[in-house]
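Colleague: I am new to this structure. Could you take me through some of its local features?

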Amino acid sequence: MLIRHAPQFSSSEITPERFYLDRRSFIAGAGALVLGAGAAEAAVPQGQPLKAARNEMLSLKEPATKIESATTYNNFYEFGVNKEDPARLAGSFKTRPWTVKVDGLVAKPKTFDVDELLRAFPLEERVYSLRCVEAWSMIIPWIGFPLAALLKRVEPTSQAKYVAFTTLLDPEQFPGQKKGFFNLGGLDWPYTEGLRVDEAMHPLTLLTVGMYGQVLPNQNGAPVRVVIPWKYGFKSAKSLVRISLVADQPKTAWNTAASQEYGFYCNVNPEVSHPRWSQATERRIGELRRRNTLMFNGYGDQVASLYTGMDLKKFY
């Protein structure tokens with residue numbers, strides 16, 4: 001769906017473009033993240049090691065983005081709208097104790113302690129491309145296990161058609177959730193996202209607890225998030241506290257706030273532009289050149305069959 005009228009949000013409020021358009025930000029961003037000039041000065045996060053064997057069948061054969069970039073250039077609006085806000089403000093975020101409730105249309109609802117999840121399912125590392133709606137991308141070695149493994153354990157009923165994700169609501173820890181901290185034009189908290197059941201059960205969909213061989217850093221969605229590599233990054237909800245199986249398509253945060261810009265599906269599709277810029281090309285963090293955006297972020301061979309017969313410009 002290509003809607004050309006101007007939305008009610010400023011670009012700086014929702015998806016800032018200053019990384020490309022503002023010279024000072026370009027120097028800070030392109031200099032540090034692209035050329036690596038700032039990488040030598042940035043402290044590499046030293047989190048708790050997390051061992052996992054790499055799943056070569058589901059991993060890209062490309063060099064990973066530098067960890068300094070992947071952990072300091074983030075979208076995590078609970079901490080603020082600027083890319084550096086999560087790394088700057090997430091240090092004191094408490095990820096223990098932490099539980100994830102899995103409920104809804106399931107035969108065996110259960111609340112899992114996050115450490116129980118780490119013990120219950122074999123962990124594997126997968127190198128995925130994370131593509132953002134702002135036309136930049138990263139290559140990240142994630143650690144986790146298939147979301148399908150967790151969902152099968154709770155036994156979804158035949159009435160379950162969708163999976164709804166809910167993130168933590170805690171304004172004391174998430175300054176971005178405080179009233180008046182900033183205005184996103186109606187973004188409701190807690191952050192919510194959703195998938196169809198078949199998308200959630202797809203082998204590529206990863207319930208993620210780590211990256212770069214260590215426990216997931218706070219600014220990257222600790223202690224547990226979902227990663228769906230063929231969709232835009234904001235679909236991969238962070239700091240999850242609830243996963244619900246439901247019959248009807250769930251409301252999602254950005255689709256509710258700006259449906260003309262953010263659809264429910266949000267599959268990476270170079271033929272569907274954001275109303276304010278093209279998504280036909282992207283720039284990989286760590287590179288100066290732009291590259292063509294790939295349909296389904298390059299995972300078409302694995303996931304295109306999920307959308308057979310769908311108009312992907314209408315169901316964007």
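**Loops, core and contacts**

Modeller: P190 sits in the loop between β6 (162-167) and β7 (192-196); strands here are DSSP runs of E with at least two residues, and helices are runs of H or I with at least four, numbered from the N terminus. This is a predicted model, in which local features need pLDDT of at least 70, side-chain atom pairs count only at pLDDT 80 or more, and totals for chains, interfaces and linings use all residues. Residues are numbered from 1 along each chain as its sequence is written, and side-chain values use heavy atoms, leaving out hydrogens and water.

Colleague: Which residue does a cis peptide bond join to P190?

Modeller: That residue is W189, and omega is about 0°. The peptide bond from A222 to P223 is also cis, with omega near -5°. P223 lies in the loop between β9 (214-215) and β10 (225-227).

Colleague: Turning to the interior, how many residues does the largest nonpolar core have?

Modeller: It has 80 residues, and F165 and W230 are among those with the most contacts inside it. Such a core is a set of buried Ala, Val, Leu, Ile, Met, Phe, Trp, Tyr and Cys residues joined through side-chain atoms within 4.5 Å; buried means under 20% relative accessible area, exposed over 50%, and partly exposed in between, with a 1.4 Å probe and protein chains only.

Colleague: Which strand gives the most to this core?

Modeller: Strand β5 (residues 136-146) does, with six residues.

Colleague: And A135, buried or exposed?

Modeller: A135 is buried, at 5% relative accessibility. Although not a glycine, A135 has a positive phi of about 70°.
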